[in-house]
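Visitor: Please give me a close look at the salt bridges in this structure, and then at what lies around them.

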Amino acid sequence: MSWYSDLNRTEKRTFIAAFGGWALDALDFMVFTFVIATLMHLWGISKAEAGMLGTVTLLFSAIGGWGAGMLADRYGRVKILQITILWFTVCTVLIGFAQNVEQIFVLRALQGLGFGGEWAVGSVLMGEIIRSEHRGKAVGTVQSGWAVGWGIAALLYTAAFSFLPENYAWRAMFWVGIIPALLVVYIRKHVPEPEVFKRTQAIQANSADKISAWAIFSPKMIKTTLLAAVLCSGIQGGYYAITTWLPTFLKTERHLSVIGTGGYLIVIITGSFIGYLIGAYLTDRIGRRANILIFTVLSGISVYLYTQIELTNTQMLFMGFPLGIAASGIFSGVGAYLTELFPTAIRATGQGFAYNFGRGVGALFPTLVGYISQSHNLAYAIGLFAGSAYLVVFFTALLLPETKGRDLDWGDDLFKKN
């Protein structure tokens, strides 16, 4: 982390804001994965219905991410970032007051709009403010905030279900979701709009040729847009197939207690945090695409060993560490990669579409795992869909260019008429 001291004040404040936003985003989202088993028990929800509750948030996050990206290209990264954080905060808290599955379904859908928008806008903001020599490390390290938020959710789960009745414990976990609202105050006071964005806005204001949000599908950009979307689909499909069902898998198929489930997850989450940091370092060291390829192979191997091989509980405990490293390290290069694949005028739109299209496709995986696990066990279903997803990532990454060191001002004249 020695590179952090080389950042200027604006870069550091933006890093802090983005890290905090992503950690709190993870806290609000991952809380649900810990209460699936409880809701199935209290309300008689089937695995397929539980999978749908996981899927709907991701589906709507695809809409929210793309929409927030378009708004950020028009109105500014900082303003839209604040709105998305407030949106998912309110929805998370309201889930804690839900009285039936239908209410949770609607609120999870609305939560997804803000959840998707926060990453799309925050990642672009980071990528545009941080200098190219530190961009991969900074954006990748921000991704480690997800492990922090996930870890906090695991600790809350252990505490809440150890000291509160089950019927109140799951609600209390959602009520803690009010915390992200405090981050908006910090962003409003300390984080400015990126200079590269302001330059592009000034050029657009004085130009007769306006760039449409649909320019990401223009002949010059459509190949990049589609490949980036498929890449993100595989990365997120594999990740959500694993993480959405892990607590339920450990509790129902490995028959671990609340304390035991929390302990196993802490090992995985610790590996996840370290994986983000390793990936952040490697993405600047060896390149964005190479980082993705390496962690894709490691993820496929780890998922196979964790879900398809007969392991003792002790072996699973230790195996969770490399699983966490591999599944999360792959994300570290994605933010910087997408930022550099799209020109400034359509960056938030393109990045928002690609990443959140991936979320939309990846959203199907928790539901598919739930359906398949009704005729097979969870381990088989998780391994099947996660393994398939990582195969897609590997071959798609080979078709995309390396962007390490690319100037963010590239291509701003791509769509101007001669």
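Guide: The account below begins with the salt bridges and then turns to the nonpolar core, one buried serine and a surface patch. The model is predicted, so local features need pLDDT of at least 70 and side-chain atom pairs count only at pLDDT 80 or more, whereas totals for chains, interfaces and linings use all residues. Residues are numbered from 1 along each chain as its sequence is written, and side-chain values use heavy atoms, with hydrogens and water left out.

Side chains of opposite charge can pair when their charged atoms come close. A salt bridge here is a side-chain nitrogen of Lys or Arg within 4 Å of a carboxyl oxygen of Asp or Glu. The structure holds ten of them.

One of these joins D6 to R131, with 3.8 Å from N to O. D6 belongs to the segment before α1, while R131 is in the loop between α4 (101-129) and α5 (132-143), so that distant parts of the chain, 125 residues apart, are linked. Helices are DSSP runs of H or I with at least four residues, numbered from the N terminus. D6 counts as partly exposed because its relative accessibility is 42%, and R131 is also partly exposed, at 29%. The term buried means under 20% relative accessible area, exposed means over 50%, and partly exposed lies in between (1.4 Å probe, protein chains only).

A second salt bridge pairs E128 with R347, whose closest N and O atoms are 3.0 Å apart. Since E128 lies in helix α4 and R347 in helix α16 (residues 347-362), this pair ties together parts that are 219 residues apart in sequence. E128 counts as buried because its relative accessibility is 8%; R347 is buried with a relative accessible area of 0%.

The side chains of R135 and E340 also meet in a salt bridge, at 2.9 Å from N to O. R135 is in helix α5 and E340 in helix α15 (residues 334-341), 205 residues apart, so this pair too links distant parts of the chain. R135 is buried, with a relative accessible area of 4%, and E340 is buried at 0%. Both residues belong to a network of salt bridges that also links K137, D284 and R288.

The nonpolar core comes next. Such a core is a set of buried Ala, Val, Leu, Ile, Met, Phe, Trp, Tyr and Cys residues joined through side-chain atoms within 4.5 Å. The largest one has 118 residues, among which W146 and L338 touch the most other members. Helix α1 (residues 9-43) gives the largest share of this core, 16 residues. Beyond its neighbours within four places in sequence, L338 is in contact (heavy atoms within 4.5 Å) with W119, A228, C232, Q351, A354 and Y355.

Elsewhere, S302 is in helix α13 (residues 288-308). S302 is buried, with a relative accessible area of 6%. Leaving out residues up to four places away in sequence, S302 touches M319, P322, L323 and A326.

At the surface, M52, W87, F105, V106, L110 and Y371 make a nonpolar patch of about 530 Å². Patches of this kind consist of residues with over 30% relative accessible area and no salt bridge, their nonpolar side chains (Val, Leu, Ile, Met, Phe, Trp, Tyr) being joined within 5 Å; accessible areas come from the Shrake-Rupley method with a 1.4 Å probe. Helix α4 gives the largest share of the patch, three residues. M52, found in helix α2 (residues 47-75), is partly exposed, with a relative accessible area of 35%.

How values were computed
Helices (H or I, at least four residues) and strands (E, at least two) are DSSP runs, numbered from the N terminus. Patches are made of residues with over 30% relative accessible area and no salt bridge: like charges are joined within 9 Å, nonpolar side chains (Val, Leu, Ile, Met, Phe, Trp, Tyr) within 5 Å.
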